[in-house]
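Trainee: Please take one strand of this model and go through it closely. Start with its own residues, then work outwards to whatever surrounds it.

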Amino acid sequence: MTDRILVLLRHAKATHPDGVADLQRALTPRGHADAAAAGAWLAGHRHNPDLVLCSPARRTRETWHGVALALGGGANDTAVAYDPVIFDAHDGQALLDLVAATGPEVTTLLVVGHNPTLSALSAMLDRTAADEGLRTCGIAVHRVAGAWGDLAAEGAPITATHTARA
């Protein structure tokens with residue numbers, strides 16, 4: 001079976017305006033630039049996703065949009081699912097369960113979400129590579145040997161990391 005690629009991307013820098021619901025927080029200008037830089041890095045490393053699982057929060061949707069623009073044609077056939085589990089999850093296991101349900105046709109999966117949950121999932125998948133966690137617009141690329149449904153704790157080593165800064 002072919003190895004699969006799991007890319008975890010924390011949303012880019014967002015605003016914190018008074019009176020705006022957490023789900024509606026937008027990216028800052030730097031956040032938009034960092035999302036484009038993250039997309040350029042993914043394109044340069046040929047990590048074009050077949051499927052994106054994205055939190056429905058505005059800041060994650062805007063992050064994906066910036067990444068997709070930078071991927072250009074590499075994002076043309078990418079399916080996107082906005083899943084509230086990514087916003088509501090309080091531990092890495094909830095995200096692991098979501099990833100494990102991915103269909104076998106997907107070879108590269110991008111999850112766009114939030115901390116601390118994304119960092120918890122990354123550390124769960126590769127405890128030896130765990131550090132202070134993903135910074136805003138941080139990327140962790142994990143290699144998954146076998147089927148998504150077989151993915152378990154300590155089952156996907158990190159092969160690359162990147163923090164986008166425009």
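Mentor: A residue is called buried under 20% relative accessible area, exposed over 50% and partly exposed in between, with a 1.4 Å probe and protein chains only. This is a predicted model, in which local features need pLDDT of at least 70 and side-chain atom pairs count only at pLDDT 80 or more, while totals for chains, interfaces and linings use all residues. Residues are numbered from 1 along each chain as its sequence is written, and side-chain values use heavy atoms, with hydrogens and water left out.

I take strand E2, residues 51-54; strands (E, at least two residues) and helices (H or I, at least four) are DSSP runs, numbered from the N terminus. In a regular strand the side chains alternate between the two faces of the sheet. E2 is covered on both: Leu51 and Leu53 are buried on one side, Val52 and Cys54 on the other.

E2 has two parallel partners, where pairing requires at least two DSSP bridges between the strands. One is E3 (residues 79-82), joined to E2 over four bridges; here Val52 stands opposite Val80, and Cys54 has Tyr82 as its bridge partner. Between E2 and E3 the chain runs through helix H2 (residues 58-71), a right-handed β-α-β crossover; that is, with the strands pointing away from the viewer, the path from the first strand over the helix to the second runs clockwise. The other partner is E4, again over four bridges, with Leu51 bridged to Leu109.

These pairs belong to an open, mixed sheet of six strands in the order E3-E2-E4-E1-E5-E6. E3 and E6 are its edges, each pairing on one side only. From one strand to the next the twist averages 15° (axes are lines fitted to C-alpha atoms, for helices over the stretch in contact, and angles run from 0 to 180 degrees between N-to-C directions). Helix H5 packs on this sheet, touching E1, E4, E5 and E6, and its direction makes about 145° with that of E1. Seven of the nine residues of H5 (117-125) are buried, among them Leu118 and Leu121.

E2 also supplies at least two residues to the largest nonpolar core, as do E1, H4, E4, H5 and E5. A nonpolar core is a set of buried Ala, Val, Leu, Ile, Met, Phe, Trp, Tyr and Cys residues joined through side-chain atoms within 4.5 Å. This one has 23 residues, of which Leu6, Leu109 and Val111 touch the most other members. With contact taken as heavy atoms within 4.5 Å, Val111 touches Leu53 of the strand under study, along with residues including Leu6, Ile86, Val99 and Leu118. Another core, of 21 residues, lies apart and includes Leu27, Ala38, Val112 and Cys137.

That leaves the cysteine of E2. The whole structure holds zero disulfides, a disulfide being a pair of cysteine sulfur atoms within 2.5 Å. For Cys54 the nearest cysteine sulfur is that of Cys137, 12 Å away. Cys54 is buried, at 0% relative accessible area, and Cys137 counts as buried too because its relative accessibility is 0%.

Technical notes
Lists of a residue's contacts leave out its neighbours within four places in sequence.
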